Amino acid sequence: MPTATSTHQRGSLKRLWRNIHLWLGIGLFVLLVPVALSGALLVYHDDIGEFMSTPSGAVAPSKPTDLTLAIANARKAAGDGFTPMSISFPEDNRVPLTIALRGPAAKGERPVRLTATIDRHDAHVLSIVNFRDTFFGFLHVFHENLTIPDYGRSIVGWTGVAMLTLALTGLYLWWPRHGQWSRAFVWRRSPATSSNLHYMTGFWICFPLALISLTGIYLAWPQQGRELLSSLAPMTPQQQRGGGPGGQVMANTARSPAEIFATAAARPNSAVDAIFYPNPQTGAWRVRLHEDGKAEPVTIMINDRSGEVSVVQPLSGDRTASWIRWLHEGSHSGEVWRFVVFLSGIMPTVLGITGILVWLRQRRQRALMKRTNAGAGAKPVPVGDAAPAE
């Protein structure tokens, strides 16, 4: 008797998780798929952007780019009121530089930010755009807040919760009964290809998908996530990037970007990745470097007046926060993980479509069984144990 009760309880629990898995997947399909696909495309955003911005047949320059001229050309192309915020140096010397500039903000609106692409040979401006108006700019905004500024980020956060729930409930429903592991990894668990595809892709992608969903939840609520993380590990006080309120930068600097680049580039086994202008509060340039043998970038601060160089030693909480973002983006973790993150953005579409096909097929089977039983005058046979993921 206890055995029968235990079996009934397990069956009821499985039906509960099956229904949660089913209705979350079907109910949020239209939202889950675009968010996941936009994330997949953003994994290779930098590579695609560099490819599209690099002129055909481009070669590496014979001497370093004149940064003073590059800044002057970028400011001229941007127009009055724009000030440079940062300079990015792609690892491939054939790829143009990019300079981010901040402009005046209309009342009640965010400051305008432009990105100037600079030829490395003669420092002329190849293009200048508002990043938010580009295709990848739109994808970034959509993936972060669905282009709904006030509460879109929270919707994306709850979408991550739903994706995490789907991954975990899917694993629970996939788990073989009575330890039948040899059958668990067999392709032909079901006569239908859609069911088999749902089984196999769901299992192999559920672990990375759960991790990416979890990191996405943290990024969707950054303040709450930071408060939680700082309660577990030490973190440096948060500052606005590029300066004080509104991302201000110093109006007049004692040192030029060319001097800062020369100082940073003199470090052994290092390559300059980006230079960020100093803000009025710290008065220090921030330089991000790639150092040989290190997966994580190294950040140094250069005092604008004294020229003193200091290496930023991130606290354990800061390093954890960085890795959360990198794991979610697929960056700084090798090409294998980056491809896994890309697949994790593609697979929700496959799982959603196959899951709906499975559900529709089961509805037809239930309807057929009811008609058959009714025609024969027999008591209807329960079909509730058929799993939507099977």
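In helix H11, the residues Gly317, Asp318, Ala321, Ile324, Trp326 and His328 are buried. This helix, which covers residues 316-329 and so has 14 residues, reaches 20 Å from its first C-alpha to its last, close to the 20 Å expected at 1.5 Å a residue. Just after H11 comes glycine 330, which takes a positive phi of about 85°. These values, like those that follow, are computed from a predicted model.

## The chain as a whole

The chain has 390 residues, and buried residues make up 39% of them. Its secondary structure comes to 12 helices and eight strands. When contacts with a separation of 6 or more are considered, 58% of them are accounted for by residues 24 or more positions apart. The accessible surface of the chain comes to about 22100 Å², and 61% of this surface belongs to carbon and sulfur atoms.

## Strands and hairpins

Strand S3 (residues 113-118) and strand S4 (residues 125-130) run antiparallel and are joined by five bridges. One of the residues involved is threonine 117, whose bridge partner in S4 is serine 127. The two strands form a hairpin with six residues between them, and in the turn alanine 123 has a positive phi of about 65°.

Further along the chain, strand S6 (residues 284-291) pairs with strand S5 (residues 270-276) in the antiparallel sense over six bridges, and S6 also pairs with strand S7 (residues 298-303) in the antiparallel sense over six bridges. On the side of S5, serine 270 has glutamate 291 of S6 as its bridge partner, while on the side of S7, valine 287 has isoleucine 300 as its bridge partner. S6 and S7 form a hairpin with six residues between the strands, where glycine 293 takes a positive phi near 85°. As a general point, the side chains in a regular strand alternate between the two faces of the sheet.

The table lists the paired strands with an example of bridge partners for each.

| Strand pair | Sense and bridges | Example of bridge partners |
|---|---|---|
| S3 and S4 | antiparallel, five bridges | threonine 117 and serine 127 |
| S5 and S6 | antiparallel, six bridges | serine 270 and glutamate 291 |
| S6 and S7 | antiparallel, six bridges | valine 287 and isoleucine 300 |

## Aromatic rings

A pair of aromatic rings is described by the distance of the centres and the angle of the planes. The structure holds 13 aromatic pairs. In one of them, the rings of phenylalanine 203 and phenylalanine 207 have their centres 6.1 Å apart and their planes at 85°, so this pair is edge-to-face. Both residues belong to helix H8 (residues 193-220), and because they are four residues apart in that helix, they are separated by about one helical turn. Phenylalanine 203 has a relative accessibility of 12% and therefore counts as buried.

Another pair is formed by tyrosine 277 and tryptophan 285, whose ring centres are 4.7 Å apart and whose planes lie at 45°, so the pair is tilted. Tyrosine 277 counts as buried at 10% relative accessibility, and tryptophan 285 is buried with a relative accessible area of 0%.

Ring pairs can also join several residues, as they do for Trp174, Trp175, Phe203, Trp204 and Phe207, which are linked into a cluster. A ring may have a charged residue over it instead: arginine 286 lies over the face of phenylalanine 276, at 4.0 Å from the ring centre.

## Individual residues in helices and loops

Histidine 45 has its place in helix H3 (residues 45-53), and at 15% relative accessibility histidine 45 counts as buried. Leaving aside its neighbours within four places in sequence, histidine 45 is in contact with Phe131, Phe136 and His140.

Two loop residues have a positive phi although neither is a glycine, namely leucine 146, with a phi near 60°, and asparagine 269, with a phi of about 55°. Leucine 146 is found in the loop between helix H5 (135-145) and helix H6 (152-174), whereas asparagine 269 lies in the loop between helix H10 (257-265) and S5. Leucine 146 is buried, because its relative accessible area of 11% falls under the 20% limit for buried residues. Asparagine 269 is exposed, because its relative accessible area of 55% is over the 50% limit for exposed residues.

How values were computed:
Residues are numbered from 1 along each chain as its sequence is written. This is a predicted model: local features need pLDDT of at least 70, side-chain atom pairs count only at pLDDT 80 or more; totals for chains, interfaces and linings use all residues. Side-chain values use heavy atoms; hydrogens and water are left out. Rings of Phe, Tyr and Trp (its six-membered ring) pair if their centres lie within 6.5 Å; planes under 30 degrees apart count as stacked, over 60 as edge-to-face and the rest as tilted. Buried means under 20% relative accessible area, exposed over 50%, partly exposed in between (1.4 Å probe, protein chains only). A charge sits over a ring if NZ of Lys or CZ of Arg is within 6 Å of the ring centre and within 35 degrees of the ring normal. Two strands pair if DSSP finds at least two bridges between them. Contact means heavy atoms within 4.5 Å. Accessible areas come from the Shrake-Rupley method with a 1.4 Å probe; for residues, only the protein chains shown count as cover. The expected span of a helix is 1.5 Å times one less than its number of residues.
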